[in-house]
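Trainee: Could you take one part of this chain and look at it closely? I would then like to know how the rest is laid out around it.

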Amino acid sequence: MSQLFSPLTLRGVTFPNRAWVSPMCQYSAVDGVVGEWHRVHHGAFATGGAGLIIAEATGVLPQGRISVACPGLWRDDQAEAWRPIVEFAHRQGTRMGIQISHAGRKGSTLAPWADHVTATAEEGGWETVGPSAVPFEGYPHPRALTTREVAALPQSFAAAARRAETVGFDVVEIHAAHGYLLHQFLSPLANHREDEYGGSFENRTRLLLEVVRAVRAVLADTTPLFVRVSATDWVAGGWDVDETVSLAPLLAQAGADLIDVSSGGTVATATIPVGPGYQVDFARRVRATGVPASAVGLITDPAQAEDVLERGDADAVMLARAALRNPRWPLAAAESLGEVVPWPVQFERARTIRR
Ligand SMILES: Cc1cc2nc3c(=O)[nH]c(=O)nc-3n(C[C@H](O)[C@H](O)[C@H](O)COP(=O)(O)O)c2cc1C
């Protein structure tokens with residue numbers, strides 16, 4: 001059997017395969033509530049054979065959203081709107097996760113297809129916050145959070161995680177990548193604080209570890225907790241791979257079950273050598289510490305995905321744009337690897353290989 005279509009168990013959850021859908025913002029929620037777009041979008045992945053679908057960056061607070069049209073989990077009705085989506089995915093044999101997030105200084109935007117980036121107050125925008133009053137290029141100056149405000153953040157993440165679990169999500173992923181708030185705290189480029197949340201490695205990682213512990217404390221023992229990190233800022237003087245490798249076991253001790261290894265996002269001008277599987281080596285280095293890891297980033301081809309897993313570079317692969325192009329990528333990948341996996345019965349006649 002291929003590695004890609006072998007099951008994986010983390011805590012009490014068995015994923016039927018290791019072809020997973022990476023979180024992707026859809027900028028299509030209203031007041032933080034998901035609707036018909038999300039039902040169809042996730043329905044396509046759920047009928048496409050993915051082992052796990054991770055729903056997009058979802059704000060733990062109104063000011064934690066990336067855009068005015070991103071979903072939220074700071075109210076119960078926002079969680080309830082996900083319930084039919086999660087239940088449909090479960091009926092297809094697919095697991096569902098959600099990425100809980102705070103955008104920090106990269107928040108208060110419009111959807112990327114709008115004619116300007118930052119939302120005005122009339123458009124629903126807000127004053128952004130960050131570890132320090134240092135802006136992301138082209139964005140407004142954020143307000144530096146007070147120490148007391150920082151110390152309250154883990155409870156916001158925990159409340160969102162609880163709501164996610166209540167409506168049936170199998171996995172919660174904490175977003176600590178791509179230059180959003182938790183990554184802003186990790187990176188010396190965005191974090192110039194002089195309190196216990198800034199300066200040393202121990203201080204810069206404090207908030208994320210507090211968030212992981214707070215979320216773990218409210219989740220069932222059977223629910224896996226993932227953390228997405230950016231392994232490197234790709235900028236000298238920024239967060240780097242060695243720090244990520246040091247952080248991974250600390251995240252695991254705090255209660256994380258898998259590190260989803262991405263990169264970049266702190267600095268708009270970073271030069272990133274984008275190419276096939278360009279972040280896989282970071283996942284390999286994290287996994288070498290003994291902590292389960294997933295690989296993401298230009299993994300597009302079934303044989304390539306299978307190689308990543310066979311080499312032991314990652315426990316699972318995540319696909320974003322390839323899954324948007326073809327939400328049934330896993331079904332097609334199974335056929336190209338000669339595997340006969342369950343298909344929705346409604347699609348049976350479209351199989352090209354049968355047992
Ligand atoms: C439309 C779109 C939305 C995205 N939104 C998110 C997000 O909400 N959270 C996140 O961690 N990454 C997000 N990403 C990044 C992807 O999850 C993924 O890491 C990246 O696209 C690289 O994988 P790929 O080469 O398979 O597309 C997004 C990517 C795309 C294309």
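**A close look at one loop residue, and the chain around it**

Mentor: Ser-108 counts as buried because 26 C-beta neighbours lie inside 10 Å of it. The term has fixed limits: with C-beta atoms placed from the backbone, a residue is buried if 20 or more others lie within 10 Å of its own, exposed if 12 or fewer, and partly exposed in between. Keep in mind that this is a predicted model, in which local features need pLDDT of at least 70 and side-chain atom pairs count only at pLDDT 80 or more, while totals for chains, interfaces and linings use all residues. Residue numbers start from 1 along each chain as its sequence is written.

Ser-108 sits in the loop between strand 5 (95-101) and strand 6 (129-130). Helices and strands here are DSSP runs numbered from the N terminus, helices being H or I over at least four residues and strands E over at least two. The phi of Ser-108 is near 60°, a positive value in a residue that is not glycine. Most residues other than glycine have a negative phi. Arg-11 is another non-glycine residue with a positive phi, of about 50°. Arg-11 lies in the loop between strand 1 (8-10) and strand 2 (13-15), and counts as partly exposed because 16 C-beta neighbours lie inside 10 Å. Glycine provides an example too: Gly-338, just after helix 11, takes a positive phi of about 75°.

Now for the chain as a whole. It has 11 helices and 12 strands. Strand 5, which borders the loop of Ser-108, belongs to a barrel that 8 strands close in the order 3-4-5-8-9-10-11-12, with parallel pairing. Neighbouring strands of this sheet are turned by 25° against each other on average, direction ignored; the axes are lines fitted to C-alpha atoms, for helices over the stretch in contact, and angles run from 0 to 180 degrees between N-to-C directions.

Strand 10 (258-262) shows how the barrel is joined up. Strand 9 (225-230) is linked to strand 10 by 5 bridges, running parallel, where two strands pair if DSSP finds at least two bridges between them. In that pairing Phe-226 stands opposite Leu-258. Strand 10 is also parallel to strand 11 (293-296), with 3 bridges between them, and Ile-259 stands opposite Ala-293. Of the 5 residues of strand 10, 5 are buried: Leu-258, Asp-260 and Ser-262 point one way, Ile-259 and Val-261 the other. Strand 11 is covered on both faces, with Ala-293 and Ala-295 buried on one side and Ser-294 and Val-296 on the other.

Helix 11 (329-336) has buried residues as well, namely Trp-329, Pro-330, Leu-331, Ala-333 and Ala-334. Their cover includes strand 3, helix 9 (302-310), strand 12 (316-319) and helix 10. Helix 10 (321-325) and strand 4 (52-59) are the elements that give two or more residues to the shell around the ligand. That shell has 20 residues, and Ser-22, Met-24, Ala-57, Ala-320 and Arg-321 come nearest; a residue is near a molecule or strand if its C-beta atom, placed from the backbone, lies within 6 Å of it.

A second loop residue is Val-33, between strand 3 (19-21) and helix 1 (36-46). Val-33 is partly exposed because 16 C-beta neighbours lie inside 10 Å. Beyond its neighbours within four places in sequence, Val-33 is in contact with Asp-77, Gln-78 and Ala-81, contact meaning C-beta atoms, placed from the backbone, within 7 Å. Val-33 and Gly-72 are 39 residues apart in sequence, yet 6.7 Å apart from C-alpha to C-alpha. Over the chain, 72% of contacts between residues at least 6 apart in sequence join residues at least 24 apart.

Finally, the overall figures. Of the 355 residues, 52% count as buried. The C-alpha atoms fill a box of roughly 65 × 40 × 40 Å along the principal axes.

How values were computed
Contact = placed C-beta atoms within 7 Å.
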